Amino acid sequence: MSVILHIESATDGCSVAVSDEGQLVFDKADLEGHNNAVSLGVLLDEALALVDSRGLKLDAVAVSEGPGSYTGLRIGVSMAKGVCYGRGIKLISVSTLKLLCVQPLLSLELPDDALLCPMIDARRMEVYSAVFDRALGEVREIRADIVTPDTYREYLDRYPVWFMGNGAAKCRDIINHPNAHFLDDINPEARWMFPLAEQSFNREEFRDVAYFEPYYLKDFIAVKPKKLV
């Protein structure tokens, strides 16, 4: 087990958590948004003060890698790198879309064949999404989608699919398939990062602190759904 600092700032809000041997010892968030540059620094200072006051030794910093907003990710990754350099510790990156799936997986009884489709909002009817199974195996890669009734039909016709994230709400009236289920108030938060970060730590899946770059929303091109026959 390890002591890991978790930083999340991929969307409007930001949050910081600390896990010690898989248990949260610090968890604070500002989900109001649009003030990450100030709020994240305050939360980070509080988290590091707690770590030091308890005599804990950080083993790694985990940061949300996107896809997400350019400004939010730059702030989060820059602060994560600063802590890694300052304390000589490892950097772990966590997929923002996988992160959105953790809370439902830990809190809901999902059927064995369930698929999860986390969505990050973009303009108009565009979202950034991927499709995962219950083990968070990638069924479909990260992609920018223009959402229509047919966008996810190839999965919905065969499996129950749970949609979540800040892009899911605007799709509720468009994706009206009987296998479509929508979860409200699921946000990417640092407190849910520890299962994914612990897994990466145990596998020694670390990122190069000097060269790591997150996935920005602007790096994806929207894909229109294929016409089904």
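A residue is called buried under 20% relative accessible area, exposed over 50% and partly exposed in between, with a 1.4 Å probe and protein chains only. Glu126 is therefore buried, as its relative accessible area is 13%. This residue lies in strand S7 (residues 126–133). Helices (H or I, at least four residues) and strands (E, at least two) are DSSP runs, numbered from the N terminus.

The model is predicted: local features need pLDDT of at least 70, side-chain atom pairs count only at pLDDT 80 or more, and totals for chains, interfaces and linings use all residues. Residues are numbered from 1 along each chain as its sequence is written, and side-chain values use heavy atoms, with hydrogens and water left out.

An open sheet of 5 strands follows the order S3-S2-S1-S4-S5 with mixed pairing; two strands pair if DSSP finds at least two bridges between them. At its edges are the strands listed here, each pairing on one side only.

| Edge strand | Residues |
|---|---|
| S3 | 23–30 |
| S5 | 90–94 |

Strands S1 (residues 3–8) and S2 (residues 14–20) run antiparallel and are joined by 6 bridges. Within this pair, Val3 stands opposite Asp20 in S2. Helix H1 (residues 36–53) packs on the sheet and touches S1, S2 and S3, where contact means heavy atoms within 4.5 Å.

Helix H1 also packs against helix H2 (residues 70–87), at an angle of about 30 degrees and with axes 10 Å apart. Axes are lines fitted to C-alpha atoms, for helices over the stretch in contact, and angles run from 0 to 180 degrees between N-to-C directions. The contact involves residues including Leu40 and Leu44 of H1 and Ile75 and Met79 of H2.
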